[in-house]
Amino acid sequence: MKRILLIDDDADFIAVNEKRLTDAGYSVTSAYNGEEGVEKARAQEPDVVVLDVMMTTPDEGFEVARKLRNDARTKHTPIVMLTGINVSEYQLPKALGDYDKDPTWNPVDVFLDKPVTAEKLLNTIAEVVK
Amino acid sequence: MSPDQGQSGASFEETPRIIVMDDEESIRLGCEKVLTREGFEVVVAADGSSGWEMLQEDEFDLALIDLKMPGIDGMNILKLMGENLPDVVAIVITGYASYETAVETVKLGAYDYIPKPFTPDELRNVVRRGLERRFLRLSNRRLREERERFLLDLTEERSRLMTILRAMSDAVLVANRRGELVLANPAGLEWINDGEDPDPSDVPEISGSVTHEEIAGLVERIENDPDLEGCDAEIETEDDRYFHAAATAVRDDEGGYLGVVIVLRDISERREIEKMKSAFVRMVSHELRSPLAAVQGYLELLVGGDVDGEDADRMLRRCNSRVEALQQMINDLLDLSRIESGTVQRELRPCDLGEILDEIVQLQRGAGIERGIEISLDVRGECHVVADAREVEEVFTNLISNAVKYNRDGGKVEVVAERHDDKVSISVSDTGIGMKEEAVENIFEEFFRVRNSETASVTGTGLGLAIVKRLVDSYDGDIQVESVPGEGSTFTVTLPARPE
């Protein structure tokens with residue numbers, strides 16, 4: 001069973017996605033802020049991380065992505081980033097700051113806009129866990 | 001022949017005026033007759049002294065001067081004229097024409113001479129030539145005066161320009177066609193002197209070329225494109241300031257390239273405001289989309305039908321509460337914007353804080369009871385302020401409802417209002433989850449919320465305390481927070497008391 005880590009500060013949104021993903025046959029763990037998310041990602045090494053951009057700070061999601069990418073355990077874990085804002089491509093490297101640049105991986109694999117339908121979320125996750 | 005036009009094209013604006021000085025009456029009369037017939041205005045003098053007086057009193061174009069006269073003689077008249085009236089043409093009348101006399105009179109400034117006796121035609125000719133000379137002298141004088149005025153204007157214009165340039169906070173640089181700097185104001189010098197403070201008394205004329213890479217780029221674009229009138233760029237400096245650089249081509253009438261004017265304007269402040277604005281819009285967008293995403297997700301699950309009754313109920317309640325929060329958020333945003341823009345219509349009246357707090361506490365008790373939270377109120381002394389009651393209610397409703405929301409089940413909320421001299425302080429303490437230091441620092445910022453697993457189920461807009469802070473500030477009040485994680489927080493508002 002593929003394991004998914006949800007990192008989001010919105011308890012309702014987590015509840016919704018837990019239900020969606022569990023129903024689709026995934027094993028789901030949730031974290032309610034970036035710090036907790038990084039800890040759980042390192043401990044559990046999930047197959048996919050679904051990450052919200054704005055949590056305590058507007059860029060907390062980017063900070064989490066950077067930490068995951070700089071850690072050998074989560075360096076190659078696909079990240080699906082959910083945003084309530086439209087992140088343009090040029091903002092991304094700036095927001096990520098310094099990270100161990102490695103051409104074989106992307107800082108973030110997929111961006112999804114909030115709100116997201118179950119169908120879109122499930123298709124995207126199915127795509128990245130392949 | 002009209003004297004106005006003259007044979008050689010010389011012309012006077014007024015009738016030429018001629019003075020004849022001779023002690024021989026026949027000469028005076030003869031000259032007067034011949035010259036008056038020519039259309040000139042003629043004045044005569046019988047001796048040098050009266051002649052010189054007349055010359056000084058009136059403006060004459062030409063003087064016919066006899067060398068031998070009583071009083072001041074012709075030679076002395078010539079000397080005086082040379083010193084005082086250099087533009088009046090002098091023609092000498094002499095009875096004993098000799099080469100020496102002629103040379104001497106010319107040395108003294110005479111234009112010509114006419115030996116006695118002379119015919120009317122000789123007189124007309126010599127006068128005509130003299131008047132031509134007079135006309136030339138006048139034109140020269142006019143030209144000279146114009147030129148002097150022009151130079152004066154030019155100097156003034158230049159100093160005016162320099163004053164304007166020096167007063168400008170925008171940097172101005174001027175480069176010639178070879179890309180060499182020819183002018184810069186003090187603000188402009190900062191761009192070429194590596195930030196060294198220029199001597200403000202320096203004449204802002206400098207030498208050198210444009211070395212700043214981005215500015216040089218603009219100059220190059222203009223140099224290389226004969227159709228380009230201007231171009232601009234935004235420059236970010238090493239000390240994180242932003243400048244708008246505009247380069248404008250200077251061309252002559254035929255379109256030939258003369259150089260370029262560069263104006264640099266500091267737009268750091270504007271950029272800062274834009275940044276804040278866009279950060280705010282991002283936050284609002286995020287805060288509006290979050291509840292929408294939750295509601296959309298729940299509704300999708302409910303419509304899918306794969307949810308049992310109890311879960312469905314819970315989801316609907318959550319939807320309801322998120323929609324309410326969304327509504328609240330929009331109200332708060334509008335409040336915030338009204339406070340910021342100062343368009344709130346206030347009704348300032350004496351308010352009894354004891355009464356107002358009592359009402360709020362009554363209303364909040366309902367929310368507390370469900371979770372076993374007790375709210376107590378203690379009012380010590382006369383706690384009266386002058387304020388808009390609705391705003392006071394908003395401040396304390398926010399603080400007391402937060403104290404309930406972020407409390408633990410079975411916790412306590414204590415509200416204490418106290419009078420200290422000319423101030424009233426109201427503290428709201430809870431026994432809730434408390435905050436870490438960095439949260440305390442940011443707690444009054446828009447959209448800042450403490451987010452962790454303990455607060456995840458608490459709804460809020462993140463705007464309440466931002467509104468509270470602005471309202472308290474607007475009454476010259478103060479708000480302080482003390483908090484211990486895991487133990488609780490105390491918010492203390494101080495407001496000026498109503499003068500007795």
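In which sense do β15(B) and β17(B) pair, and over how many bridges? Let's start there, since that pairing takes us into the middle of the part I'd like to show you. β15(B) and β17(B) run in the antiparallel sense, and 7 bridges join them. One facing pair to pick out on your screens: Ile426(B) sits opposite Val493(B) of β17(B).

Before going on, a quick word of caution: what you see is a predicted model.

Okay, the two chains. Chain A has 130 residues, and 43% of them are buried. Its secondary structure comes to 5 helices and 5 strands. If you walk along the sequence of chain A, you read β-α-β-α-β-α-β-α-β-α. Chain B has 500 residues, 31% of them buried, and there we have 13 helices and 17 strands.

A word on how the chains fold back on themselves. Take the contacts between residues at least 6 apart in sequence. In chain A, 70% of those join residues at least 24 apart. For chain B, the figure is 59%.

Now back to that sheet in chain B. 5 strands make it up, in the order β12-β14-β15-β17-β16, and it's an open sheet with mixed pairing. At the edges you'll find β12(B), residues 374-380, and β16(B), residues 478-484, each with a partner on one side only. From one strand to the next, the twist averages 10°.

Let's go through some of the neighbours. β14(B) pairs with β15(B) in the antiparallel sense, over 8 bridges. Those two strands also make a hairpin, with 2 residues between them. Have a look at Asp421(B) in that turn: its phi is positive, about 50°. Further along this pair, Val416(B) stands opposite Ser427(B) of β15(B).

At the other end of the sheet, β16(B) pairs with β17(B), residues 488-496, again antiparallel, over 7 bridges. There, Ile479(B) is the residue opposite Val493(B). You've met Val493(B) already, as the residue in β17(B) that Ile426(B) of β15(B) faces.

So what lies across this sheet? Helix α11(B), residues 389-405, does: α11(B) lies across β12(B), β14(B), β15(B) and β17(B). Against β15(B), residues 423-430, the helix runs at about 25°.

Stay with β15(B) for a second. Which residues are on its covered face, and which on its uncovered one? The covered face has Val424(B), Ile426(B), Val428(B) and Asp430(B). On the uncovered face are Lys423(B), Ser425(B), Ser427(B) and Ser429(B). If you're wondering about that every-other-residue pattern, side chains in a regular strand alternate between the two faces of the sheet.

Next, some helix packing, one example from each chain. In chain A, take α2(A), residues 34-44, and α3(A), residues 60-69. Their axes are 10 Å apart and the packing angle is about 20°. An angle under 35 degrees counts as roughly parallel, and that's why we call α2(A) and α3(A) roughly parallel. The crossing is right-handed. From α2(A), the contact uses Gly34(A), Gly37(A), Val38(A) and Ala41(A). From α3(A), it uses Glu60(A), Glu63(A), Val64(A), Lys67(A) and Leu68(A). By class, that's 4 nonpolar, 2 polar and 3 charged residues.

The chain B example is α9(B) with α13(B), residues 464-474. Here the axes come within 10 Å and cross at roughly 25°, so α9(B) and α13(B) are roughly parallel too. This crossing is left-handed, though. On the α9(B) side we have Asp332(B), Asp335(B), Leu336(B) and Ile339(B). Among the α13(B) residues in the contact are Ile467(B), Arg470(B) and Leu471(B). The split for this contact is 5 nonpolar, 2 polar and 3 charged.

Last stop: where the chains meet. How many residues does each chain bring to the contact? Chain B brings 23 and chain A brings 22. On the chain B side, α8(B), residues 268-304, and α9(B), residues 309-341, each supply at least two residues. α8(B) gives the most, with 15 residues. The chain B side sorts into 8 nonpolar, 8 polar and 7 charged residues.

And α9(B) turns up twice in this tour: it packs with α13(B), and it supplies part of the side of chain B that touches chain A. That's my tour, thanks!

Technical notes
Residues are numbered from 1 along each chain as its sequence is written. Chains are lettered from A and ligands numbered from 1 in the order in which they are written. This is a predicted model: local features need pLDDT of at least 70, side-chain atom pairs count only at pLDDT 80 or more; totals for chains, interfaces and linings use all residues. Two strands pair if DSSP finds at least two bridges between them. Helices (H or I, at least four residues) and strands (E, at least two) are DSSP runs, numbered from the N terminus. Axes are lines fitted to C-alpha atoms, for helices over the stretch in contact, and angles run from 0 to 180 degrees between N-to-C directions. Two residues are in contact if their C-beta atoms, placed from the backbone, lie within 7 Å. Ala, Val, Leu, Ile, Met, Phe, Trp, Tyr, Cys and Pro count as nonpolar, Asp, Glu, Lys and Arg as charged, and the others, Gly among them, as polar. A residue is buried if 20 or more other C-beta atoms lie within 10 Å of its own, exposed if 12 or fewer, and partly exposed in between; C-beta atoms are placed from the backbone. Angles under 35 degrees count as roughly parallel, over 145 as roughly antiparallel, 65 to 115 as roughly perpendicular and the rest as oblique. A crossing is left-handed if the near helix is turned anticlockwise from the far one by less than a right angle, and right-handed if clockwise.
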